Amino acid sequence: MTTKYDLIIVGAGPAGLAAAIYAARARLRTLVLDESVAGGQVKTTHKVSNYPGFPEDIKGTDLAKAFATQAERFGATIRRAIEITAHDFSGPVKTIELDEEETVEAPAVIVATGARPRDLGIPGESKYKGRGISYCATCDGAYFEGKDIHVIGGGNSAVEESLFLTRFARSVTIIHQFDHFQAEAATTEEALHNPKIEVIWDSEPRAFTGEGGLQALTIENVKTRKTTDLKTDGVFVFIGYVPRTDLVKGVVALNKWGYVETAEDMSTPVPGLYVAGDIRAKSFRQITTAVADGTIAALAAQKYVKQAVANVAA
């Protein structure tokens with residue numbers, strides 16, 4: 001079974017849903033595909049404080065739901081928990097096979113698949129994933145009620161999620177490789193004044209150990225090279241993200257960091273193929289920049305689809 005659309009958007013994060021809102025309002029038959037529920041990384045963020053239009057903090061899950069509801073209100077179709085089993089973006093009609101059962105096609109595709117949490121790549125990490133090591137405070141924070149936990153990282157995500165984890169944990173110790181945070185000043189100040197939060201500076205994790213489950217974290221001071229074993233009830237890792245570019249590898253060029261290079265209008269060298277959001281090479285990755293990418297990609301795709309339809313009619 002093959003279903004035709006004007007535009008297919010892969011990824012239902014802020015970039016993909018913003019694109020869906022604009023495309024659906026332009027009366028394009030718009031399909032959004034996602035392997036999970038809509039929202040991308042936003043749905044795993046406990047609160048959003050800097051998205052315009054919300055004077056008070058808004059839960060990430062609520063903001064994600066609002067994005068999806070708005071896109072569907074304008075007529076976009078969102079398919080959740082979908083596996084893409086094959087795809088071909090090379091021709092004038094792009095095709096995507098879903099769950100090995102059906103095919104969808106459109107003259108234009110926007111890939112907005114975002115990024116996944118970066119692994120540390122140290123001994124014990126794979127063994128204790130889901131057994132003491134987590135990459136999502138919103139998902140797993142409640143499991144550490146009254147526990148002593150550690151957070152790896154020092155950027156906005158690490159510090160913001162550490163603050164969130166203090167709602168549950170007895171203590172939160174942040175391990176950071178530098179002697180200062182890279183987080184926003186207001187967030188940094190709040191964390192440093194929180195009585196539940198301690199910081200170990202100039203240190204990096206080296207291994208996870210334990211019997212049955214995670215029990216200890218080995219860290220090394222990057223200046224003195226001294227190693228220390230810390231008892232822990234759990235570790236949360238927030239050291240950045242890796243772009244999810246599987247759909248476009250070999251189709252478009254990636255830069256040396258693995259991100260997709262696009263034109264200003266989010267187009268790629270492949271006609272009708274656009275890329276938006278966190279997988280795109282750019283200086284900053286925020287909800288607002290993802291939404292901007294999605295908006296631009298949808299407007300560019302709209303023009304492309306209109307021309308493609310005109311060419312067929314001619």
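Start with the sulfur chemistry: the count comes to one disulfide. This is a predicted model, so treat what follows as read from computed coordinates. The bond joins Cys136 to Cys139, with an S to S distance of 2.1 Å. Turn about the S-S bond and you get 70°, which makes the link of Cys136 and Cys139 right-handed. The two partners sit in unlike surroundings: Cys136 is buried, at 11% relative accessible area, whereas Cys139 is partly exposed, at 45%.

Cys139 also falls by number within a helix that matters for the next stop, since α4 covers residues 137-140.

**Helix α5 and its cover**

Helix α5 runs over residues 156-165 and is mostly covered, with seven of its 10 residues buried. Which residues of α5 are the buried ones? They are Ala158, Val159, Glu161, Ser162, Leu163, Phe164 and Leu165. Glu161 may catch your eye in that set, as it is listed among the buried residues along with Leu163 and Phe164. The cover over these residues comes from several elements, including the helices α4 (137-140) and α6 (185-192). Strands contribute too: β11 (148-152), β12 (171-175), β13 (197-200) and β17 (234-237) are among the covering parts.

**Rings that meet**

Now for the aromatics. A search of the whole structure turns up six aromatic pairs. In one of them, the ring centres of Tyr51 and Phe54 are 6.2 Å apart and the planes stand at 40°, so this pair is tilted. Tyr51 also pairs with Phe67: here the centres are 5.7 Å apart and the planes stand at 70°, so the arrangement is edge-to-face. Tyr51 sits in the loop between β3 (30-33) and α2 (60-73), while Phe67 belongs to helix α2, so their pair ties together parts that are 16 residues apart in sequence. Put together, ring pairs link Tyr51, Phe54 and Phe67 into a cluster.

How covered is each member of the cluster? The table has the values.

| Residue | Relative accessible area | Status |
|---|---|---|
| Tyr51 | 17% | buried |
| Phe54 | 31% | partly exposed |
| Phe67 | 10% | buried |

Rings also meet charges in this model. Arg73 lies over the face of Phe74, 4.5 Å from the ring centre. Elsewhere, the charged end of Arg285 sits over the ring of Tyr259, at 3.8 Å from its centre.

**Two threonines**

Is Thr245 buried or exposed? Thr245 is buried, with a relative accessible area of just 2%. Its place is the loop between β18 (241-243) and β19 (273-275). Setting aside neighbours within four places in sequence, Thr245 is in contact with Leu254, Gly258, Val260 and Ile279.

Thr289 is the other one to look at, and its home is helix α7, residues 287-313. Thr289 is partly exposed, at 22% relative accessible area; the cut-off for buried is under 20%. With neighbours within four places in sequence left out, Thr289 is in contact with Lys282 and Phe284. Where does the chain bring a distant residue towards Thr289? At Ala15: the two C-alpha atoms are separated by 8.2 Å, although Thr289 and Ala15 are 274 residues apart along the chain.

**The whole chain**

Stepping back, the protein chain holds seven helices and 19 strands. Its radius of gyration is 21 Å, which agrees with the value near 20 Å that a compact globule of 314 residues would have. Along the principal axes, the C-alpha trace spans about 70 × 40 × 35 Å.

Buried residues make up 50% of the 314 in the chain. The accessible surface comes to about 15,500 Å², and carbon and sulfur atoms account for 51% of that. As for how the chain folds back on itself, take the contacts between residues at least 6 apart in sequence: 58% of them join residues at least 24 apart.

Definitions and conventions. Residues are numbered from 1 along each chain as its sequence is written. This is a predicted model: local features need pLDDT of at least 70, side-chain atom pairs count only at pLDDT 80 or more; totals for chains, interfaces and linings use all residues. Side-chain values use heavy atoms; hydrogens and water are left out. Helices (H or I, at least four residues) and strands (E, at least two) are DSSP runs, numbered from the N terminus. Buried means under 20% relative accessible area, exposed over 50%, partly exposed in between (1.4 Å probe, protein chains only). Contact means heavy atoms within 4.5 Å. Rings of Phe, Tyr and Trp (its six-membered ring) pair if their centres lie within 6.5 Å; planes under 30 degrees apart count as stacked, over 60 as edge-to-face and the rest as tilted. A charge sits over a ring if NZ of Lys or CZ of Arg is within 6 Å of the ring centre and within 35 degrees of the ring normal. A disulfide is a pair of cysteine sulfur atoms within 2.5 Å. The radius of gyration is taken over C-alpha atoms; the globule rule is 2.2 Å times the number of residues to the power 0.38. Accessible areas come from the Shrake-Rupley method with a 1.4 Å probe; for residues, only the protein chains shown count as cover.
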